Amino acid sequence: MRLGKITQAAWNRSVRKPLKKKQCTVGKMAWEQKCAELEQQIQKTEQSQKTEQDQKTEQDQKTEQDQKTEQDQKIETGRMTVWSTASAGGKNANVGAYAVIKAAGELASQKVMAEGVSIHAILPEQMQEEDVKHLTDTVGELCKKMNLEICQIQVETSSFVTQMVVTATAVGEKKSTAIREQEMTVAGEELLLCGYAGLEGTLRILDESEEELGTRFVPVFLEKAKLLREKLVLPDQILSVKEQVSDIRQIGSGGILAALWELGEELQTGFDIDFSKIALKQETVEICEFYQLNPYLMTSAGSFLLVTGQSEEVIACLAEQGVSAVRLGCMKDQNVRVIKNGEETRYLDRPAADELARWWKEHA
């Protein structure tokens with residue numbers, strides 16, 4: 001493909017047409033629309049207040065001040081637009097879907113449902129228009145499943161990249177008083193794992209190296225592994241329990257061990273967990289053994305850590321959503337992060353480098 005933005009004809013063929021078939025729309029970016037609406041509302045309110053103020057007596061102004069105080073209180077509990085950006089890279093066009101899952105999952109970690117997504121894809125020169133169509137197909141199918149509006153898709157080719165890099169920005173709304181509400185009294189609550197450690201990384205390695213994996217594993221095994229995409233937890237599933245949990249954290253770069261560390265740092269607390277309870281798929285174990293990777297240090301977007309005082313209800317509710325959740329242990333008052341594995345007890349180390357990134361470095 002030529003350098004720079006793809007041609008309008010190619011965009012129509014490989015972006016607009018596939019999305020139209022999937023009944024997806026590509027329109028004005030959601031936050032631009034919302035910000036424009038908010039600005040108009042503010043201007044209208046300010047103009048109205050100024051006009052009223054000019055016409056009021058001193059007593060009327062006092063009444064107006066009382067009304068303004070009430071309005072300020074309403075604004076504090078109003079709605080605000082928030083967004084999250086995530087990137088994924090690789091030679092397989094499925095990376096677009098993983099970028100969307102990551103971005104929407106980060107909003108879910110803030111207890112916000114993503115409503116729209118904007119996508120920017122940068123491709124190396126050797127990629128073809130067919131790769132753009134594959135990217136559009138996978139992203140469109142996922143967004144339709146997640147009920148996400150595709151606000152914008154930009155595609156360009158650059159000599160600065162050697163593999164496809166896709167950046168997704170998800171947007172949603174939340175209460176303005178809850179920018180990042182945290183229940184800091186989580187001691188005694190349980191820590192749950194929703195989904196499977198290392199699953200995202202496993203699927204991305206399978207996308208990139210199916211032929212090489214075929215030298216070790218039979219086709220039936222690889223086809224079964226591909227079906228594990230259905231086990232990635234989507235925002236609507238995790239948000240079905242948002243009222244019953246104190247904290248939600250998506251397991252991203254560095255895997256579940258990095259996510260545990262970050263959770264403890266953010267909440268300024270410790271925990272005591274059973275390492276053997278961390279859920280892994282057998283396909284993840286075997287593919288990681290083939291490449292000598294540690295699945296506990298591998299990116300796992302589409303899996304979440306939950307802190308809750310209602311573990312039975314949360315596990316049951318997630319099961320109704322078709323999602324697996326297991327108890328890992330309990331949150332503690334002291335800032336000590338204990339990991340038990342049978343007779344062995346150790347303390348959680350600081351996050352290490354992500355194993356998928358290491359795999360890419362060795363197999364680029």
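This is a short walk through a predicted model, from a group of paired strands to a helix and on to some charged side chains.

Let us begin with the strands. Strand β8 (residues 270-274) runs parallel to strand β11 (residues 337-341), and four bridges join the two. One place to see this pairing is Asp274, whose bridge partner in β11 is Lys340. On β11 you can also follow a second pairing, this time antiparallel, to strand β12 (residues 344-347), again over four bridges. Here Asn341 has Glu344 as its bridge partner. β11 and β12 make a hairpin with two residues between them, and in that turn Gly342 has a positive phi of about 70°.

Now turn to helix α5, residues 129-146. Its 18 residues should span 26 Å at 1.5 Å a residue, and the end C-alpha atoms are indeed 26 Å apart, so the two values agree. Several residues of α5 are buried, including Val132, Leu135, Val139, Leu142 and Met146. The buried residues of this helix pack against α1, α4 and α8, and also against strands β3, β4 and β5. Just beyond the helix, Asn147 takes a positive phi of about 60°.

Glu189 deserves a pause. You will find Glu189 in the loop between β5 and β6. This residue is buried but has no salt bridge, and the nearest side chain of opposite charge, Lys111, is 9.0 Å away. What the Glu189 side chain does have is a polar contact with the side chain of Ser246, at 2.7 Å. Among the other residues that Glu189 touches are Val307, Thr308, Gly329 and Met331.

Elsewhere, charged side chains do pair up: the model holds 16 salt bridges. In one of them, Arg327 meets Glu190 at 3.3 Å, N to O. That pair links distant parts of the chain, with Arg327 in strand β10 and Glu190 in strand β6, 137 residues apart. Both ends are partly exposed, Arg327 at 31% relative accessible area and Glu190 at 21%.

Another salt bridge joins Asp207 and Arg229 at 2.3 Å, N to O. It connects helix α6, which holds Asp207, to the loop between α7 and α8, where Arg229 sits 22 residues away. Asp207 is buried at 15% relative accessible area, whereas Arg229 is partly exposed at 29%.

Finally, look at helix α12, where Glu355 and Arg358 lie three residues apart, about one turn of the helix. Their closest N and O atoms are 2.9 Å apart in a salt bridge. Glu355 is buried at 8% relative accessible area, while Arg358 is partly exposed at 30%. Salt bridges with shared partners also join Lys102, Glu200 and Arg204 into one network.

How values were computed: Residues numbered from 1 in each chain as written. Predicted model: local features only at pLDDT ≥ 70, side-chain atom pairs only at ≥ 80, totals over all residues. Heavy atoms only, no water. Pairing = 2+ DSSP bridges. Expected span 1.5 Å × (residues − 1). Buried < 20%, exposed > 50% of the residue type's maximum accessible area, 1.4 Å probe, protein only. Contact = heavy atoms within 4.5 Å. Lys, Arg positive; Asp, Glu negative; His and termini not counted. Salt bridge = Lys/Arg side-chain N within 4 Å of Asp/Glu carboxyl O. Polar contact = N/O pair within 3.5 Å; in protein donor to acceptor, adjacent residues only side chain to side chain. Lists of a residue's contacts leave out its neighbours within four places in sequence.
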